[in-house]
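Trainee: I have a structure on my screen and would like to learn how its labels are earned. Could you walk me through it?

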Amino acid sequence: MRLVRRYAPILLILAVLTAKHLRTAAAQETGPMSAVDSDRDGLSDELEQRLLIQFAPTFMVGRQDCAGIPAEFARNVETPTVEAENGTIYGQVFPVKSLGGGLPAVEIHFYHLWKIDCGPHGHNLDTEHVAVLVTASDRDVDAAKWKAVYWYAAAHENTVCDVSQIARASTIGGETSGPKVWVSPGKHASYLNETLCQGGCGADKCVDMVALRPGKIVNLGEVGHPMNGSLFIASSEWPLTAKMSTTNFPPEPIARLNGLPDTDIAWFSAEKHPAQGIIAVSSSTEQAIAGGVRDTTSSVAGAAVATGGAISVAQDDTGNALAKSSAHTVHALGSAARAVGEALHLIRKPVKAE
């Protein structure tokens, strides 16, 4: 008995060391037990939620938007079903190829989902989003500090009216947190600068805007591995699966952006802008004026196609340029209309008094 008491401290130390060794061996075989990765993309649920909170934008929405505010959709239901209009924002976080230096990089999508697009050519269910590309300061993703490099805003994405934009995070004040994003009332296109919210073939205008009150940020998970009951991801009633399966930071737009001054935002699809001008002019006088304004916005830093789609973000100067362009466009349209009318004998030429 005395012998047992004598060696009891040594036996206790051996027991503790043995237990620690067994836990370490188990962790090496199965990975950290606390790092839950529900969507199986290599990032823990905890890290994904932390990044969603850190980089969540401030969405500026129309006070009188005919669709209200972004909606929350019922969980564990395959058909998109509005449960409440409460400003819920949905997120997606997934790893991407390193931008250089071998440090981890992650792409984050923020979806504002609406019950309806109630603008021109409206439809039920509106799937809109912005995205950010962020990099870690360290290979240990859980302990690292994260910083945004580029932001993307979808505006009439993948249509002839596409005015989606891409910008350096430093240009719009979105390096360590989410920037302001303007959402056009009715159509819900996203803009990285308030002045730009008059694109989309002339249909957008951001007036009487207020900040969306922060609400839930719900992680959608990944296509095939939804989280938080987000079965509606796969519904064919909206293009959510396609948006979740596509990067918003391919090499070509990034290279084009990096060739522009640090103060510029770039059109994501610069080649579509001439077609938009034709649509704007042919639709109505109001849209024609909007088309002229949009062309001026592109040309502040150079012609959109010729220089790679630069857009000035100097709001004061741009505002003055837009006002002048609008006045000149109205005058030009009026003069053109009179000339055409006279040529077709629809308008009598004024007779000079003798």
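Mentor: Happily; we will go through disulfides, then salt bridges, then one helix. This is a predicted model, in which local features need pLDDT of at least 70 and side-chain atom pairs count only at pLDDT 80 or more, while totals for chains, interfaces and linings use all residues. Residues are numbered from 1 along each chain as its sequence is written, and side-chain values use heavy atoms, with hydrogens and water left out.

Trainee: How many disulfides does a search of the whole structure find?

Mentor: The search finds three. In general, a disulfide is a covalent bond between the sulfur atoms of two cysteines.

Trainee: What makes C66 and C118 a disulfide?

Mentor: The term is used for a pair of cysteine sulfur atoms within 2.5 Å. The sulfur atoms of C66 and C118 are 1.9 Å apart, so the pair meets that cut-off. The link of C66 and C118 is right-handed, with 90° about the S-S bond.

Trainee: Which parts of the chain does the pair of C66 and C118 tie together?

Mentor: C66 lies in the loop between β1 (58–62) and β2 (72–73), and C118 in the loop between β5 (105–117) and β6 (123–136), so the pair joins parts that are 52 residues apart in sequence. The strands are DSSP runs of E with at least two residues, helices are runs of H or I with at least four, and both are numbered from the N terminus.

Trainee: Why is C66 called exposed, and C118 partly exposed?

Mentor: Relative accessible area decides: buried is under 20%, exposed is over 50%, and partly exposed is in between, using a 1.4 Å probe and protein chains only. C66 has 51%, so it is exposed. C118 has 27%, so it counts as partly exposed.

Trainee: How do you know that the disulfide of C161 and C201 is left-handed?

Mentor: The torsion about its S-S bond is about -100°, and therefore the disulfide is left-handed. The sulfur atoms of C161 and C201 are 1.9 Å apart. C161 sits in the loop between β7 (146–153) and β8 (165–168), and C201 in the loop between β10 (190–191) and β11 (209–211), so this pair ties together parts 40 residues apart in sequence.

Trainee: Why are C161 and C201 called buried?

Mentor: C161 has a relative accessible area of 16%, so it is buried. C201 has 4%, so it counts as buried as well.

Trainee: What about the link of C197 and C206: is it right-handed or left-handed?

Mentor: With 75° about the S-S bond, the link of C197 and C206 is right-handed. Their sulfur atoms are 2.0 Å apart, and both C197 and C206 are buried. Counting bonded cysteines along the chain, the disulfides follow the pattern 1-2, 3-5, 4-6.

Trainee: On to charges. What makes K216 and E72 a salt bridge?

Mentor: The term asks for a side-chain nitrogen of Lys or Arg within 4 Å of a carboxyl oxygen of Asp or Glu. For K216 and E72 the N to O value is 3.0 Å, so the pair qualifies. The two are 144 residues apart, with K216 in the loop between β11 and β12 (217–219) and E72 in strand β2. The structure holds eight salt bridges.

Trainee: Why is K216 called partly exposed and E72 buried?

Mentor: K216 has a relative accessible area of 42%, so it is partly exposed. E72 has 5%, so it counts as buried.

Trainee: How far apart are the closest N and O atoms of K115 and E85?

Mentor: They are 3.2 Å apart, and the two residues form a salt bridge. This pair connects strand β5, which holds K115, to the loop between β3 (82–84) and β4 (89–96), which holds E85, 30 residues apart. K115 is at 34%, so it counts as partly exposed.

Trainee: Last, which residues are buried in α4?

Mentor: P253, I254, R256 and L257 are buried. They cover an arc of only 160° around the axis (taken from the directions from the helix axis to the C-beta atoms), so they are on the same side of α4. The face turned away from that buried side carries the exposed residues P251 and A255.

Trainee: What covers the buried residues of α4?

Mentor: The cover includes β7, β8 and β15, where contact means heavy atoms within 4.5 Å.
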